[in-house]
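Thanks for asking me to look this one over. My notes are below as numbered points, to be read with the model open beside them.

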Amino acid sequence: MATTDTKDVEGTIEQVIRCADEGFDLVRITVQGMKEAQACVEIRQGLFDRGYDIPLCADMHFQPKVAMKVAEAFEKIRINPGNFADGRK
């Protein structure tokens with residue numbers, strides 16, 4: 001999982017490239033809201049521009065509009081399981 005601020009597009013691209021070069025099959029990136037979702041589009045394009053096509057996974061809370069924006073650029077969207085907790089054991 002990337003540890004950069006997702007809005008730091010260049011920093012995230014560099015970290016994903018390091019992961020890809022180490023043999024990662026996929027990299028998860030945190031997406032908190034629409035600003036990060038837009039950054040995801042830029043991250044994907046930046047990776048393509050540098051010749052990297054590693055699959056990316058958005059790690060996010062359930063926000064349909066944000067998820068739809070991320071889906072334009074990423075191969076997978078992971079909804080935080082805490083979104084489905086109902087308080088019953």
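**Notes on the sheet, its helices and a few side chains**

1. Let me begin with the sheet: β1 and β2 run parallel and are joined by 5 bridges. Within that pairing, I29 has A58 in β2 as its bridge partner. Strands here (E, at least two residues) and helices (H or I, at least four) are DSSP runs, numbered from the N terminus, and two strands count as paired if DSSP finds at least two bridges between them.

2. A word on provenance. This is a predicted model, in which local features need pLDDT of at least 70 and side-chain atom pairs count only at pLDDT 80 or more, while totals for chains, interfaces and linings use all residues. Residues are numbered from 1 along each chain as its sequence is written, and side-chain values use heavy atoms, with hydrogens and water left out.

3. The full sheet is open and has 3 strands in the order β1-β2-β3, with parallel pairing. β1 and β3 (76-79) are at the edges with a single partner strand each, so one side of each has no neighbour in the sheet. From one strand to the next the twist averages 30°, taking axes as lines fitted to C-alpha atoms and angles from 0 to 180 degrees between N-to-C directions. The parallel pairing of β2 with β3 covers 4 bridges, and C57 stands opposite K76 in β3.

4. β1, α2 and β2 form a right-handed β-α-β unit; right-handed means that, with the strands pointing away from the viewer, the path from the first strand over the helix to the second runs clockwise. The two faces of β1 are worth colouring separately: V27, I29 and V31 make up the covered one, R28 and T30 the uncovered one.

5. Helix α1 (residues 9-21) has 13 residues and spans 18 Å from its first C-alpha to its last, close to the 18 Å expected at 1.5 Å a residue; that expectation is 1.5 Å times one less than the number of residues. Its buried residues include V9, I13, V16 and I17, where buried means under 20% relative accessible area, exposed over 50%, and partly exposed in between (1.4 Å probe, protein chains only). The buried residues of α1 pack against β1 (27-31), α2 (34-49) and β2 (56-60). After α1 comes G23, with a positive phi near 100°.

6. Why does R44 count as buried? Its relative accessible area is 4%, and R44 lies in helix α2. Leaving out residues up to four places away in sequence, R44 touches Y52, D53, I54, P55, L56, A73 and E75, with contact meaning heavy atoms within 4.5 Å.

7. M34 lies in helix α2 too, but M34 is partly exposed, with a relative accessible area of 42%. Beyond its neighbours within four places in sequence, M34 is in contact with K65, V66 and K69. M34 and F62 are 28 residues apart in sequence and 12 Å apart in space, C-alpha to C-alpha.

8. How many disulfides are there? The count is 0, a disulfide being a pair of cysteine sulfur atoms within 2.5 Å. For C19, the closest cysteine sulfur is that of C57, at 13 Å, too far for a bond. For C57, the closest is that of C40, at 10 Å, again too far for a bond. C19 is buried with a relative accessible area of 11%, and C57 is buried with 1%.
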